[in-house]
Amino acid sequence: MAPRHSEAETGIIGGSGLYDFSALEEPSEYRLSTPFGEPSDRIVVGGLRGRRVAFLSRHGRRHQHPPSAVPAAANIYAMKYLGVTEILSVSAVGSLRDELRPGELVVPDQLVDLTRGGRTSSFFSSGLVAHLPFADPYCPRLRRLVLDAVRTVPGTVSHDGGTYVCIEGPQFSTRAESGLYRSWGMDVIGMTAAPEAKLAREAGICLATIALVTDYDCWRQGEESVTADLVAEVMRRNVAAAKQAITSYVDTSPPARHCDCHDALAQAILSDPSAVPDADRRRVDLLAGRYLDEHQPARD
Ligand SMILES: [Zn+2]
């Protein structure tokens with residue numbers, strides 16, 4: 001069965017360790033195809049406390065997509081197609097600060113993109129140019145609500161704000177790089193926040209991230225005694241806390257009917273719509289069609 005365009009309101013993108021969301025009631029699975037390729041995996045849509053929620057595993061349920069190959073544009077497009085207006089993105093991260101301890105949760109407010117340019121980081125390319133404001137990469141409204149939800153999880157320490165530095169990977173950073181990021185004021189490190197957040201903004205979808213601190217990045221000497229078992233145990237507890245936080249969020253915060261993110265494209269398209277080739281127009285019609293229509297010159 002083909003999904004409806006209003007299939008879900010809230011999207012969840014799960015990172016390492018979060019491959020399913022079994023709390024979804026009466027789940028349906030959709031394998032979607034988009035003008036930007038296929039999403040990481042089937043998207044599971046179901047009910048959660050009366051809300052329609054769409055879940056997608058960022059790396060695929062078998063963790064088959066390395067960070068550089070995560071089809072972020074297809075993932076965000078598919079969420080938009082399903083009607084999603086807000087995404088809770090969950091990511092495992094390394095800590096660059098003493099005070100951000102393994103097992104704690106961070107709701108970042110800033111992002112530095114150090115990926116190497118090989119990822120599709122925009123829906124708009126030749127033929128149709130758009131420049132979006134991205135000073136606040138995470139939706140301030142949703143971020144605040146998610147932070148409130150994270151704080152309700154018993155026994156979990158959470159942190160308000162922080163800068164997520166996104167590296168290309170798949171290797172972890174060198175000790176010199178780790179020290180460099182610290183000197184720049186970065187707080188947590190991961191490999192997938194970009195371009196996901198950029199694409200969500202272009203798609204007019206609010207996005208906030210729950211960053212799960214798995215371990216200290218390599219800057220901290222003396223962490224070699226950390227065992228794989230210990231890291232796995234921290235990740236298991238983190239994922240459980242993230243699931244609780246998401247359920248709490250859904251319980252307490254109905255999706256906003258309007259947020260500035262939803263109209264981020266309104267003033268962003270620079271190309272003359274009448275000069276946009278049909279093929280380029282069709283690719284982004286779901287995302288930008290109404291703005292292009294508004295800009296159509298009046299007929300005589
Ligand atoms: Zn928003």
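Strand 5 provides the largest share of the lining of the largest pocket, contributing 4 residues in this predicted model. The volume of this pocket is about 740 Å³. Its lining comprises 33 residues, of which V93, G94, F172, M191 and D215 lie closest to the pocket centre. Two or more lining residues are given by each of strand 5 (86–95), strand 9 (163–167), strand 10 (188–190), strand 11 (206–216) and helix 5 (228–252). Classified by residue type, the lining of the largest pocket consists of 15 nonpolar, 11 polar and 7 charged residues.

A zinc ion is coordinated by the SG atoms of C139, C206, C259 and C261, at 2.2 to 2.3 Å. The angles among the 4 donor atoms range from 103 to 115°, and the site is accordingly assigned as tetrahedral. For four tetrahedral donors, the ideal angle at a metal is 109.5 degrees. Along the sequence, the donor residues follow the spacing C-x66-C-x52-C-x1-C. Among these donors, C206 is located in strand 11, whereas C261 belongs to the loop between helix 5 and helix 6 (278–283); the pair therefore ties together parts that are 55 residues apart in sequence. C206 and C261 are both buried.

Strand 11 and helix 5 thus recur in the description of the two sites. Each gives two or more residues to the lining of the largest pocket, while strand 11 also holds the zinc donor C206 and helix 5 precedes the loop that contains C261.

Methods:
Residues are numbered from 1 along each chain as its sequence is written. This is a predicted model: local features need pLDDT of at least 70, side-chain atom pairs count only at pLDDT 80 or more; totals for chains, interfaces and linings use all residues. Side-chain values use heavy atoms; hydrogens and water are left out. On a 1 Å grid over the protein atoms alone, a cavity is a set of points where a 1.4 Å probe fits but cannot get out, and a pocket is an open set with protein on both sides within 12 Å along at least five of seven lines; lining residues have an atom within 4 Å of a point. Grid points are joined across faces, edges and corners, and a volume is the space filled by probe spheres set on the points. Ala, Val, Leu, Ile, Met, Phe, Trp, Tyr, Cys and Pro count as nonpolar, Asp, Glu, Lys and Arg as charged, and the others, Gly among them, as polar. Donors are N, O and S atoms within 2.8 Å of the metal (3.2 Å for Na, K and Ca); water is not among the atoms, so sites may look incomplete. Four donors count as tetrahedral if all angles lie between 85 and 135 degrees; four count as square planar and six as octahedral if opposite donors are over 155 degrees apart and all others between 65 and 115; anything else is irregular. Buried means under 20% relative accessible area, exposed over 50%, partly exposed in between (1.4 Å probe, protein chains only).
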